[in-house]
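Here's a walk through the model you have open, going from salt bridges to the chain pairing and then to the DNA. Have the viewer handy as you read.

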There are 2 protein chains.
Amino acid sequence: MRRKAAPTISDVAALAGVSRAVASRALSASKRPVSGDKRDRVLAAAAELGYRVNLLAQSLTTKTVNLVAVLVNHIHDLSDLDLFDLLLAEIQAGGRQVILVRVGSTDKVEEFLRQGVAYHVDAALVFSDFADAATVRRMFRSDLVIMLNGRHDHRSPAIIPDEAVGIGQAVADAAAKGVKRASLVTGRASSLVEQARIGLYRRAFQFHDIQLLRTWQGDYSYRSGHALAPGLLDGGQPDAVFCTSDAMAMGILDVFRTDFPDNRPARFRLYGFDNLSLLDFEAYPISSIGYDKAAYVARMLRLLNEPPAGEGTFAPELVPTRYVPRLTG
Amino acid sequence: MRRKAAPTISDVAALAGVSRAVASRALSASKRPVSGDKRDRVLAAAAELGYRVNLLAQSLTTKTVNLVAVLVNHIHDLSDLDLFDLLLAEIQAGGRQVILVRVGSTDKVEEFLRQGVAYHVDAALVFSDFADAATVRRMFRSDLVIMLNGRHDHRSPAIIPDEAVGIGQAVADAAAKGVKRASLVTGRASSLVEQARIGLYRRAFQFHDIQLLRTWQGDYSYRSGHALAPGLLDGGQPDAVFCTSDAMAMGILDVFRTDFPDNRPARFRLYGFDNLSLLDFEAYPISSIGYDKAAYVARMLRLLNEPPAGEGTFAPELVPTRYVPRLTG
DNA sequence: CTGTTAGCGCCTTCAA
DNA sequence: TTGAAGGCGCTAACAG
């Protein structure tokens with residue numbers, strides 16, 4: 001399966017009758033001193049040979065690979081594909097490529113570490129909550145680890161949604177509609193982000209004099225919401241059910257949905273979290289909490305393109321969230 | 001933002017008091033001649049320094065990067081995330097990482113080519129239908145381009161679903177239930193895969209004496225199905241509507257769904273294509289056509305792990321499809 | 001503007 | 001079993 005060896009810059013230089021250095025300069029994207037004559041000859045030679053620079057070899061001297069690692073738990077955890085699609089497009093627009101690393105579990109992280117290999121990427125974006133900042137800095141020989149999972153420390157920049165606003169708005173909406181008793185459906189309580197989120201709901205309930213009937217433990221998935229739904233009304237009927245993920249809310253909705261075309265539960269108001277684009281379909285008209293994806297991605301790109309200098313300490317940047325009303329709210 | 005330079009194998013060798021060659025051998029995964037004594041010292045030194053081999057530098061000599069490129073149109077086009085998640089996990093299990101390349105349009109491919117760079121990946125998996133085999137072979141300096149989009153030639157291996165079986169079963173199911181008149185909702189007709197698929201439906205209709213009332217042109221998306229749905233019954237009422245993607249069928253279902261909990265259109269039977277995992281939710285109980293994802297991924301991995309030798313010519317491998325009945329069929 | 005030189009980090013001869 | 005040397009493909013630094 002071996003093709004004839006790819007032409008190197010030496011081949012190009014030889015064919016053009018110049019030194020390798022001149023060929024390198026002529027081929028460079030940035031302006032470098034080369035006479036017009038030789039530049040033309042080099043370019044012609046490169047075209048004739050079908051030459052393409054080997055980025056890996058290049059990176060050995062330039063110390064930059066144009067590679068960004070993106071760490072996720074599972075693909076499904078890209079809670080919003082729109083967000084990820086945008087991110088990928090923007091990174092590629094900047095001439096970089098993405099190494100998508102699926103972590104899946106803390107074990108995987110340790111295995112990764114044990115293997116002792118490291119892609120020396122320019123930066124790492126961490127969505128997965130199975131890795132903390134220090135670990136990722138070790139996994140990749142990168143100075144620029146951007147934490148998006150809440151497990152940041154002061155040594156790496158972080159961007160996190162400011163959930164207080166959106167949660168406050170959602171609970172206020174419920175209160176305004178007369179909700180007095182609520183239940184809360186949560187994800188893995190081990191996650192710091194989730195703990196903070198739960199805290200915000202509790203405070204908002206308190207502020208609006210809403211009684212928290214009960215907290216249910218799911219795992220963010222549709223399946224978990226669906227599974228716990230049948231018991232949801234046991235021991236007190238809530239006026240509203242708040243879920244810390246849209247997927248769980250969808251699972252609950254599928255158990256409680258009543259008449260078409262209303263599609264909402266009759267017994268309680270339902271609030272999700274994430275504002276999945278799926279919710280714009282008629283089948284899941286769930287009121288939710290989301291943030292400005294474009295702004296979120298823009299923040300990440302600013303960090304990638306203008307990496308903070310020095311060994312600074314970092315405070316997390318906040319991206320505002322907002323309540324998005326739909327039929328179930 | 002610069003951390004102290006990462007330790008190299010020279011640092012390890014120096015600390016262990018051996019030559020770089022010995023350090024290299026000691027650190028190698030495969031068995032190489034090193035005395036137990038020195039091996040221990042090298043390993044200890046590596047651990048002390050937090051040494052991790054630079055895969056990119058390694059690849060310069062070994063000619064293998066352990067990097068696989070995966071080309072997709074948009075993320076949404078990963079018509080099945082389950083498939084992609086499995087693929088990613090399996091590739092990583094083999095010690096490789098994935099560069100996810102979002103192509104988006106034919107323009108992007110040309111831009112990629114124009115830039116003149118090339119990641120010398122070990123292999124490329126092509127889901128995107130914006131690139132043909134020859135182009136991808138040029139994009140990446142790879143001998144192993146696995147085509148999954150139907151745009152293969154004889155020089156690269158290909159795996160494609162054998163859609164004849166699934167489509168045959170679906171149409172037979174409809175015929176058995178008395179369907180006499182059908183409409184067909186398609187995606188981009190420019191795609192070879194789509195043309196073949198349409199041809200299979202036509203032949204199956206003919207075989208079962210089903211009249212094809214009309215063909216509607218969508219673009220695989222929910223939005224397109226939703227948009228064309230209102231006109232679907234104009235000029236003749238079909239007994240069944242076949243869609244070449246589940247997303248379009250979902251869009252149509254949301255326009256025509258009637259009573260809960262039946263959730264299906266009253267006026268016609270509805271058949272999708274892809275067997276998205278979303279269809280297992282109650283909200284979209286669409287009969288569909290799918291294939292064995294695990295088998296599909298297994299085929300890809302066999303090609304990755306045991307790359308065919310020599311300059312052989314390749315005939316596409318077929319993965320069987322099957323009809324998956326649900327409420328709407 | 002140009003060519004030479006000296007590496008980047010690693011591995012693989014090769015001779016000892 | 002070991003170490004020295006050479007080279008993978010490329011570019012920065014340096015003279016000219």
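## Salt bridges, chain pairing and DNA

Arg302(A) and Glu317(A) join their side chains in a salt bridge, 3.3 Å from N to O. It ties together distant parts of the chain, since Arg302(A) sits in helix α12 (residues 293–305) of chain A and Glu317(A) in strand β13 (residues 317–324) of chain A, 15 residues apart. A salt bridge here is a side-chain nitrogen of Lys or Arg within 4 Å of a carboxyl oxygen of Asp or Glu. Helices (H or I, at least four residues) and strands (E, at least two) are DSSP runs, numbered from the N terminus. Arg302(A) is partly exposed at 39% relative accessibility, and Glu317(A) is partly exposed at 21%. Those labels mean buried under 20% relative accessible area, exposed over 50%, and partly exposed in between (1.4 Å probe, protein chains only).

Quick housekeeping: this is a predicted model, where local features need pLDDT of at least 70 and side-chain atom pairs count only at pLDDT 80 or more, while totals for chains, interfaces and linings use all residues. Residues are numbered from 1 along each chain as its sequence is written, chains are lettered from A and ligands numbered from 1 in the order in which they are written, and side-chain values use heavy atoms, with hydrogens and water left out.

Over all chains, the structure holds 26 salt bridges. Lys108(A) and Glu111(A) form one of them, at 3.8 Å from N to O. These two are 3 residues apart in helix α6 (residues 106–115) of chain A, so about one helical turn separates them. Lys108(A) is partly exposed at 37%, and Glu111(A) is partly exposed at 31%. In chain B, the side chains of Asp173(B) and Lys177(B) pair up at 3.1 Å, N to O. Asp173(B) is buried, with a relative accessible area of 16%, whereas Lys177(B) is partly exposed at 37%. Shared partners also join Glu163(A), Glu194(A) and Arg197(A) into one salt-bridge network.

Now for the two protein chains. How many residues of chain B are in contact with chain A? There are 68 of them, in contact with 68 residues of chain A, where contact means heavy atoms within 4.5 Å. Together the chains bury about 6600 Å², 56% of it on carbon and sulfur atoms. That area is the accessible area (1.4 Å probe) that two parts lose on being put together, summed over both. Between chain B and chain A there are 2 salt bridges; Asp85(B) forms a salt bridge with Arg102(A), with the closest N and O atoms 2.9 Å apart. The count of residue pairs in polar contact is 14, both residues being at pLDDT 80 or more. A polar contact is a pair of N or O atoms within 3.5 Å; within protein, one must be able to donate a hydrogen and the other to accept it, and residues adjacent in sequence count only if both atoms are side-chain atoms. Helix α5 (residues 81–93) of chain B gives the largest share of the side that touches chain A, 7 residues.

Arg102(A) turns up again among the residues touched by Asn73(A), along with Asp129(A) and Arg188(A), not counting residues up to four places away in sequence. Asn73(A) lies in the loop between β2 (67–72) and α5 (81–93) of chain A and is buried, at 3% relative accessible area.

On to the DNA, where a residue is near a strand if one of its heavy atoms lies within 4 Å of it. Strand D has 27 residues around it, with Ile9(A), Ser24(A), Tyr51(A), Gln58(A) and Ser35(B) coming nearest. Sugar and phosphate make up 69% of the strand D atoms within 4 Å of the protein. Around strand C there are 26 residues, the closest being Ser35(A), Thr61(A), Ile9(B), Tyr51(B) and Gln58(B). The top contributors are α4(A) for strand D, with 5 residues, and α4(B) for strand C, with 5 residues.

Some of the polar contacts to the DNA:

| DNA atom | Protein partner | Distance |
|---|---|---|
| Phosphate oxygen, strand D | Polar backbone atom of Ile9(A) | 2.4 Å |
| Base nitrogen, strand D | Polar backbone atom of Ala57(A) | 3.4 Å |
| Phosphate oxygen, strand C | Polar backbone atom of Ile9(B) | 2.5 Å |
| Base nitrogen, strand C | Side-chain N or O atom of Arg20(B) | 3.3 Å |
| Phosphate oxygen, strand C | Side-chain N or O atom of Tyr51(B) | 2.7 Å |
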